[in-house]
Amino acid sequence: MKRFKVILFSFICILALSGCVRYDATLKFKTNGKMDVSVCYAILDMSDHDLDEVVPDEQINEYKENGWKIEEYRDGGYSGYIVRKDNVSVSELNGVSDEFRSLKLTREGIDYTLDWDILDEKNDYNLASLYSSCVKVSGAQMRVKITLPAEALDDNATHVSRDGKTYEWDLLNFDDPDGIYLKFRLIDIKLVAAGVALLIALIIAEIAIFKAIKKRKKSKPSGKSSGKNLIGSLKALNPIGKSKKK
């Protein structure tokens, strides 16, 4: 069983037995295909459960060893951790924790498809949704949020922002057995700018070469003028009207 699945079920058990939890995974994509990632793990302070039951120290140490920042989280009676890191590649995200191992990103040209099989059995979704009413009453939440530079081409999100750039999945009200799905397009502005700069440089070089060739042609004497100059030189050596001495 995936570690994320264990974490999710731990959250559900805590929610059902003695309190409520918060889980927020936020992924912000950049045009180069990398992400700024932030994950919040928190439980209600009034709970008798230790946060270590949900986020083991081993997991926290694993994040630290891979350069993630660990922050304490306290808000609205909830306390826990926020782990975050910028410019994370998908391969790095897959490797840092089993939690993200099922997240896959495939690319075809400038089109990307994200598949994240968070739970691999439909019954797991039903179990999660069983406690959704408690979540709504208590203010607890379990969600994944993905922000894109531009509107997605296709998705199965439970909520989309007005500008069409942020997609949210409420894990306690999500019933798609195939998991999170998002198809979008990324255009690397830096790469486009480099291509435009190269094209401009080539055009400038071509214009410079054309002008140099044109200038050279103008400065080079033509065949007719060269012949006239030669005849004029011969006449100067032997002027008309003067005969050779016998």
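In this predicted model, the side chains of Arg-143 and Glu-168 meet in a salt bridge, with 3.8 Å from N to O. Arg-143 belongs to strand S7 (residues 141-147) and Glu-168 to strand S10 (residues 166-170), so the pair ties together parts that are 25 residues apart in sequence. The two partners fall into separate classes of accessibility: Arg-143 is partly exposed, with a relative accessible area of 22%, whereas Glu-168 counts as buried at 18%, because the cut-off for buried is under 20%. The pair is also part of a wider arrangement, since a network of salt bridges links Asp-24, Arg-143 and Glu-168.

**Salt bridges elsewhere in the chain**

A search of the whole structure finds 7 salt bridges. One of them joins the side chains of Arg-22 and Asp-75. Arg-22 lies in strand S1 (residues 21-29) and Asp-75 in strand S3, so this contact ties together parts that are 53 residues apart in sequence. Here Arg-22 counts as buried at 13% relative accessibility, while Asp-75, at 41%, counts as partly exposed. Another salt bridge is formed by the side chains of Lys-85 and Glu-92; Lys-85 is buried, with a relative accessible area of 19%, and Glu-92 is partly exposed, with 27%. As a general point, side chains of opposite charge can pair when their charged atoms come close. The table lists the pairs named here.

| Pair | N to O distance |
|---|---|
| Arg-143 and Glu-168 | 3.8 Å |
| Arg-22 and Asp-75 | 3.1 Å |
| Lys-85 and Glu-92 | 2.3 Å |

**The sheet that holds these strands**

Several of the strands named above belong to an open sheet of 7 strands, whose order is S3-S4-S2-S1-S7-S10-S9 and whose pairing is mixed. Its edge strands are S3 and strand S9 (159-160), each of which pairs on one side only. Within the sheet, S1 and S7 pair in the parallel sense over 7 bridges, and the bridge partner of Ala-25 is Val-144 in S7. Strand S3 (residues 69-75) and strand S4 (residues 78-88), in contrast, run antiparallel and are joined by 7 bridges, with Tyr-73 standing opposite Gly-80 in S4. S3 and S4 form a hairpin with 2 residues between them, and Gly-76 in the turn has a positive phi of about 55°. It is useful to keep in mind, when looking at any such sheet, that in a regular strand the side chains alternate between the two faces of the sheet.

**A nonpolar patch on the surface**

Turning from strands to a helix, Leu-199, Ile-203 and Ile-207 make a nonpolar surface patch of about 270 Å². Ile-203 has its place in helix H6 (residues 189-219), and at 42% relative accessibility this residue counts as partly exposed.

**The chain as a whole**

The chain contains 7 helices and 11 strands, and 35% of its 246 residues count as buried. Its accessible surface comes to about 15300 Å², of which 54% belongs to carbon and sulfur atoms. Among contacts between residues at least 6 apart in sequence, 63% join residues at least 24 apart. The salt bridge between Arg-22 and Asp-75 gives one example of a link across the sequence, because these residues lie in parts that are 53 residues apart.

Definitions and conventions. Residues numbered from 1 in each chain as written. Predicted model: local features only at pLDDT ≥ 70, side-chain atom pairs only at ≥ 80, totals over all residues. Heavy atoms only, no water. Helix = DSSP H or I, 4+ residues; strand = E, 2+ residues; numbered from the N terminus. Buried < 20%, exposed > 50% of the residue type's maximum accessible area, 1.4 Å probe, protein only. Contact = heavy atoms within 4.5 Å. Areas by Shrake-Rupley, 256 points an atom, 1.4 Å probe, with all protein chains shown as cover. Pairing = 2+ DSSP bridges. Patch = residues over 30% accessible without salt bridge, like charges linked within 9 Å, V, L, I, M, F, W, Y side chains within 5 Å. Salt bridge = Lys/Arg side-chain N within 4 Å of Asp/Glu carboxyl O.
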